Amino acid sequence: MLFLKNISKTATPAIAIRLTKSQKWKIGIGIFFGKILGLLIVLVAMKIIPSLLATPAYAGDTYTPHETSMINSINTVWTLVAAFLVFGMQAGFVMLEAGFARARETVNVLMECIFDTCLCGLLFWAIGYAFMFSHGNGFIGQNWFFLTGAPATYEGTGIPLLAHWIFQFAFADTCSTIVSGAMIGRTSFRGDIIYSIGITGFIYPIIGHWAWGPDGFLATMGSAGNFLPTLGQPFRDFAGSTVVHTIGGIASLAGAVVLGPRIGRVFARDGGGMPAPHNLTVAAVGGFILWFGWYGFNPGSTLSALDADGIGRVAANTTLAACGGGLTAMYMALWFGSTKGKFDLGFTVNGFLGGLVAITCPCYWVSPLGAILLGGIAGIIIWLAVTFVEYIRIDDPVGAVAVHGFCGIWGTLSLGFFASGQFGATGPLGADNSAPVAGLFYGGGMSVLKAQFIGSAIVTVATFVVTFVMMWLIMKLPHPYSLRVEAKGETMEGGLDMFDHGTTAYPVQ
């Protein structure tokens with residue numbers, strides 16, 4: 001008060017309540033260092049609390065089930081925050097796909113993604129989660145339908161089953177959204193409803209059970225009494241390069257093959273090329289939203305906030321792989337693309353997305369250098385795959401097959417090359433590095449690579465065959481339930497937006 005009185009004697013009332021520049025700096029510096037101090041306290045607490053609550057087994061650096069409700073709560077909050085980040089990727093998907101598509105397909109893209117999310121939630125509650133994560137046999141889960149009869153927590157995680165469900169629902173929703181990417185512009189909305197039921201309710205969760213189910217035959221592969229016991233290695237997919245992205249990308253490939261190209265589409269080898277995206281601004285922003293959501297996708301797959309080193313490593317690897325993929329894809333298009341000598345935005349966005357897809361499987365087990373290298377290779381694969389898909393006359397408006405299919409396969413295989421031999425498994429009380437995973441480049445030999453190749457090949461082939469048959473059967477249905485929209489829906493003014501939805505994204509004023 002004395003300070004303000006002294007100022008008021010020499011200043012106008014308007015100025016009397018203002019702080020000097022020096023005072024603003026002092027306050028700002030104080031706030032900044034206060035935040036840094038608070039962050040340090042949080043980090044110290046994350047290190048100290050687990051040791052205070054640890055069982056004797058944890059103090060010996062071994063993994064055991066935990067008992068304390070505080071640890072359960074911390075890990076549950078972490079898992080839910082990650083789930084919300086992954087769910088936020090849906091905004092990125094609709095922006096990316098709509099931006100890369102033509103204006104006449106924008107409402108259709110938005111409606112498909114929204115519908116897939118609503119449908120996925122109900123199906124994953126009713127049957128999908130049961131097929132994927134309950135006990136049954138090596139091929140399919142057989143319990144917990146409609147989440148009835150399920151335990152309070154999921155397996156040994158200590159996380160409430162419903163929290164695990166919401167996290168995995170966000171993953172399932174991601175896969176179902178990927179599938180529509182290569183099918184934009186000529187899929188009838190009723191056909192989309194039918195194939196979405198097949199993908200979300202059956203194909204994704206059943207095939208996903210093989211790799212992520214508690215008794216899936218790929219998850220238990222290499223152990224006594226299970227699939228290929230002499231291999232000595234299970235199939236590993238930390239956050240879903242295969243389970244989410246390969247399934248989604250290969251399913252979209254099957255759909256694009258069955259549908260055929262959009263009317264009037266002329267491919268590069270015939271003197272044409274991909275129709276120009278209608279809004280690259282929206283597409284690029286969507287790509288960044290997806291990148292942001294990936295920080296839930298990959299670090300969240302630890303299901304443990306107490307594995308602090310693992311979370312930090314996974315987040316760093318995710319970032320570096322995206323950077324490597326974006327740069328190499330940009331230079332591939334610059335040096336060899338149809339716009340040679342130009343810096344192509346579309347390839348750059350798909351390049352960093354390809355890096356993100358690739359790192360999703362090995363993110364826990366590789367070093368930062370390995371993440372950069374495998375992400376950079378993914379960017380090269382993006383250019384090669386997009387060029388190949390165009391050459392064989394498959395119409396993929398957003399590059400879904402290249403980004404999710406090809407880079408998903410590469411990311412899965414890359415673990416067999418780049419696993420650094422330092423890291424083992426995550427757990428609710430922290431990491432257990434007693435049995436580290438080592439790839440070919442780190443003295444681990446071929447065993448991990450063999451397991452990854454077998455698992456990836458089985459999932460890829462099974463997904464394509466089953467999805468192709470399903471899409472072909474839907475294609476044979478009469479209009480308006482056929483997979484492909486009537487020709488009028490593609491050629492009329494306003495395209496699919498007017499034909500199926502009665503409006504356009506950009507009405508004429």
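Helices H6 and H7 lie oblique to each other in this predicted model, because their axes cross at roughly 130 degrees. Those axes come within 8 Å, and H6 passes H7 in a right-handed crossing. From H6, the contact draws on Glu112, Cys113, Asp116, Thr117, Cys120, Gly121, Phe124, Trp125, Tyr129 and Phe133. H7 brings Leu161, His164, Trp165, Gln168, Phe169, Ala172, Asp173, Ser176, Thr177 and Ser180 to the contact. Sorted by class, the residues of this contact are 10 nonpolar, 7 polar and 3 charged.

## Two more helix pairs

Let us turn to other helices that meet. Helix H12 (residues 345-359) and helix H14 (residues 400-418) have axes that come within 7 Å and cross at roughly 40 degrees. That angle makes H12 oblique to H14. The crossing of H12 past H14 is right-handed. On the H12 side you will find Asn350, Leu353, Gly354, Val357 and Ala358, and they meet Val403, His404, Cys407, Gly408, Trp410, Gly411 and Ser414 in H14. The residues of this contact divide into 6 nonpolar, 6 polar and no charged.

Helix H5 (residues 69-100) and helix H10 (residues 280-297) also have axes that come within 7 Å, and here the crossing is at roughly 160 degrees. H5 is therefore roughly antiparallel to H10, since an angle over 145 degrees counts as such. Their crossing is left-handed. In the contact of H5 with H10 there are 19 nonpolar residues, 7 polar residues and no charged ones.

The table puts the three pairs side by side.

| Helix pair | Axes come within | Crossing angle |
|---|---|---|
| H6 and H7 | 8 Å | roughly 130 degrees |
| H12 and H14 | 7 Å | roughly 40 degrees |
| H5 and H10 | 7 Å | roughly 160 degrees |

## The chain as a whole

Stepping back, how many helices and strands does the chain have? There are 17 helices and 0 strands. The chain has 509 residues, and 52% of them count as buried. Take the contacts between residues at least 6 apart in sequence: 75% of these join residues at least 24 apart.

## A loop residue with distant partners

Ile184 is a good example of a residue to look up in the structure. Its place is in the loop between H7 and helix H8 (189-212). Is Ile184 buried or exposed? Ile184 counts as buried because its relative accessibility is 1%, and the cut-off for buried is under 20%. Leaving aside residues up to four places away in sequence, Ile184 touches Glu97, Ala101, Glu105, Val109, Arg262, Pro397 and Val398. With Glu97, the separation is 87 residues in sequence, while the C-alpha atoms are 8.4 Å apart in space.

## Backbone details in the loops

Most residues other than glycine have a negative phi, and most peptide bonds are trans. Some places in this model are worth a look with that in mind.

Which residues sit in the loop between H6 and H7 with a positive phi? Trp144 and Phe146 are two of them. Trp144 is not a glycine, yet its phi is about 70 degrees. The loop that holds Trp144 runs between helix H6 (106-133) and helix H7 (161-180). Phe146 lies in the loop between H6 and H7 too, and its phi is near 55 degrees. As for their surroundings, Trp144 counts as buried at 10% relative accessibility, whereas Phe146 is partly exposed, with a relative accessible area of 44%.

Further along, the peptide bond from His479 to Pro480 is cis, and its omega is near 10 degrees. Pro480 belongs to the loop between helix H15 (447-475) and helix H16 (487-491).

## Cysteines without a bond

A disulfide is a covalent bond between the sulfur atoms of two cysteines. How many disulfides does a search of the whole structure find? The search finds 0. Why does Cys175 have no such bond? The closest cysteine sulfur to that of Cys175 is in Cys120, and it is 8.7 Å away, which is too far for a bond; a disulfide needs the two sulfur atoms within 2.5 Å. Cys175 is also buried, with a relative accessible area of 0%. Its neighbour in this comparison, Cys120, is one of the H6 residues in the contact with H7.

Conventions:
Residues numbered from 1 in each chain as written. Predicted model: local features only at pLDDT ≥ 70, side-chain atom pairs only at ≥ 80, totals over all residues. Heavy atoms only, no water. Axes fitted to C-alpha atoms, helices over the stretch in contact; angles between N-to-C directions. Helix = DSSP H or I, 4+ residues; strand = E, 2+ residues; numbered from the N terminus. Parallel < 35°, antiparallel > 145°, perpendicular 65-115°, else oblique. Left-handed = near helix turned anticlockwise from the far one by under 90°. Contact = heavy atoms within 4.5 Å. Nonpolar A, V, L, I, M, F, W, Y, C, P; charged D, E, K, R; others polar. Buried < 20%, exposed > 50% of the residue type's maximum accessible area, 1.4 Å probe, protein only.
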